[in-house]
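Student: I have not looked at this structure before, and I would like to go through it step by step. Could we start once it is on the screen?

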Amino acid sequence: MTQRLGIIGYPIGHSISPIFQQAALDHLGIDATYEKWEVAPEEVGDFVAGLRAPDAWGINITLPHKQAVLPFLDEVDEWATAAGAVNTIVNRGGRLTGHNTDGPGFLRALEVETGYNATGTRALILGAGGAARGILLTLARGGVDSLVIANRTLERAETLRQLAQENGIKAEAAPLSGDILTRAAASADLIVNCTSVGMSHGPDEHSSPLSAAQIPASAIVNDLVYNPLETPFLREGAAAGAVTLGGLHMLIYQGVLSFQMWTGQDAPVDVMSKAAFAEMASRGA
Ligand SMILES: NC(=O)c1ccc[n+]([C@@H]2O[C@H](COP(=O)([O-])OP(=O)(O)OC[C@H]3O[C@@H](n4cnc5c(N)ncnc54)[C@H](OP(=O)(O)O)[C@@H]3O)[C@@H](O)[C@H]2O)c1
């Protein structure tokens with residue numbers, strides 16, 4: 001029986017997960033298909049119920065359904081509960097479990113691609129939306145020493161500062177410009193852009209949240225934005241002499257971890273990575 005996998009979102013046309021997940025399935029000769037499904041908010045419950053069928057292995061979930069699927073699951077793991085969001089559902093004999101591989105994928109990408117180890121480091125998180133929240137919790141679990149959260153809307157940074165403190169991490173909130181930000185950048189081991197600044201077709205596609213002069217050469221600069229592959233922030237980081245990592249790596253590694261949950265097999269990371277970068281290149285990213 002051919003197994004079914006896929007991703008739901010609304011809209012979903014932009015997703016490249018089917019490209020690199022199918023490449024991995026085909027490479028390992030696994031009899032399964034990975035599709036993308038546009039599911040409207042009112043259809044989420046019925047769609048998730050259908051995943052209990054014997055030929056369904058599970059799905060990925062992207063915006064805006066990462067919270068909406070929660071009430072339809074039998075169990076939600078510790079990571080997804082902490083994040084308050086599910087990006088992976090696994091069907092085992094009709095029982096559905098919810099997981100979140102976004103945070104672990106972010107950290108795995110940094111560890112593998114840059115050698116980063118969160119323990120004892122100082123991190124600067126730019127942004128305070130859903131992605132920033134997940135990354136904050138991941139870094140807290142990874143043993144980060146302290147965090148600065150800088151955001152255009154200061155109240156949202158303050159909310160995340162409190163969340164960091166509740167998780168036992170020293171934290172400070174800052175605006176997305178000015179002296180506190182410059183000081184935080186100067187002493188950061190890791191700087192992560194979790195804003196949509198620099199994203200193609202976004203309102204600030206040619207901007208970087210920090211200039212090269214603000215970035216220390218010793219820092220690791222990670223942009224979650226992956227379209228374009230080389231963002232203005234990554235260019236500033238490279239100009240500063242810092243190690244840089246683009247957002248496509250996080251996307252690939254969250255998929256790697258989901259793949260392993262569904263299939264029980266090690267994911268062919270190189271195959272997935274090659275397929276993902278080729279697809280982005282073909283889209284002109
Ligand atoms: N690589 C991956 O796998 C991956 C995974 C998740 C997300 N992402 C990317 O991460 C980014 C954030 O995603 P999200 O889900 O956290 O979105 P979100 O919840 O909508 O948060 C957006 C963040 O960007 C800030 N922002 C938006 N426009 C801005 C501007 N013009 N100037 C300054 N700040 C601005 C917002 O600040 P305010 O609070 O002031 O509005 C907020 O902090 C997106 O680009 C998304 O594509 C990548």
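Student: How many bridges join strand β1 to β2?

Tutor: In this predicted model, strand β1 covers residues 3–9 and runs parallel to β2. One place to see the pairing is Arg4, whose bridge partner in β2 is Thr33. Counted over the two strands, the number of bridges that join them is seven.

Student: Which residue is the bridge partner of Arg4 in β3?

Tutor: Strand β1 is also joined to β3, again in the parallel sense, and five bridges hold this pair. Arg4, which has Thr33 as its partner in β2, has a bridge partner in β3 as well, and that residue is Ala56.

Student: Why is strand β3 described as largely enclosed by the rest of the structure?

Tutor: A residue counts as buried when its relative accessible area is under 20%, and this cut-off can be applied along residues 56–61, which make up β3. The strand is largely enclosed because the number of its six residues that are buried is five.

Student: Which residue of β5 does Gly58 stand opposite?

Tutor: Strand β3 is joined to β5 by three bridges, and these two strands run antiparallel. Within β5, the residue that stands opposite Gly58 is Val90.

Student: Which residue takes a positive phi in the hairpin of β5 and β6?

Tutor: Strand β5, residues 88–92, runs antiparallel to β6, and five bridges join them. Arg92 stands opposite Arg95 in β6, and the hairpin has two residues between its strands. The residue there with a positive phi, near 60 degrees, is Gly93.

Student: How many of the residues of β6 are buried?

Tutor: Strand β6, residues 95–99, also pairs with β4, residues 75–76, in the parallel sense over two bridges. One of the residues involved is Val76, whose bridge partner in β6 is Gly98. The strand β6 is mostly covered, and of its five residues the number buried is four.

Student: Which strands are the edge strands of the open sheet?

Tutor: The six strands follow the order β2-β1-β3-β5-β6-β4, with mixed pairing. An edge strand here pairs on one side only, and the two that do so are β2 and β4.

Student: Is Ser146 buried or exposed?

Tutor: Ser146 lies in strand β8, which spans residues 146–151. Leaving aside neighbours within four places in sequence, Ser146 is in contact with Thr121, Arg122, Ala123, Ile169 and Lys170. Its relative accessibility is 16%, and the cut-off is under 20%, so Ser146 counts as buried.

Student: What share of the area that the ligand exposes when taken alone does the protein bury?

Tutor: Several backbone atoms come within reach of the ligand: a backbone N or O atom of Gly130 lies 3.0 Å from one of its oxygen atoms, and a polar backbone atom of Ser196 is 3.4 Å from an oxygen atom of the ligand. For Leu224, a backbone N or O atom lies 2.9 Å from a nitrogen atom of the ligand. Taken alone the ligand exposes 920 Å², and the share of this that the protein buries is 77%.

Student: How many residues of the shell around the ligand are charged?

Tutor: The ligand is surrounded by 22 residues, the closest being Ala131, Asn151, Thr153, Arg156 and Asp204. Helices α5 (130–141) and α9 (248–263) each supply at least two residues of this shell. Divided by kind, the shell has eleven nonpolar residues and eight polar ones, and the number of charged residues is three.

Student: What is the omega of the peptide bond from Asn227 to Pro228?

Tutor: Most peptide bonds are trans, so a cis bond deserves a second look. One cis bond runs from Tyr10 to Pro11, with omega near 5 degrees, and Pro11 is found in the loop between β1 and α1. Pro228 is in the loop between β11 and α8, and the bond from Asn227 to Pro228 is also cis, with omega near 15 degrees.

Student: Is His201 buried or exposed?

Tutor: His201 lies in the loop between β10 and β11, and its phi is near 65 degrees, a positive value in a residue other than glycine. With a relative accessible area of 75%, and with the cut-off at over 50%, His201 is exposed.

Key:
Residues numbered from 1 in each chain as written. Predicted model: local features only at pLDDT ≥ 70, side-chain atom pairs only at ≥ 80, totals over all residues. Heavy atoms only, no water. Buried < 20%, exposed > 50% of the residue type's maximum accessible area, 1.4 Å probe, protein only. Contact = heavy atoms within 4.5 Å. Near = heavy atom within 4 Å. Polar contact = N/O pair within 3.5 Å; in protein donor to acceptor, adjacent residues only side chain to side chain. Areas by Shrake-Rupley, 256 points an atom, 1.4 Å probe, with all protein chains shown as cover. Nonpolar A, V, L, I, M, F, W, Y, C, P; charged D, E, K, R; others polar. Pairing = 2+ DSSP bridges.
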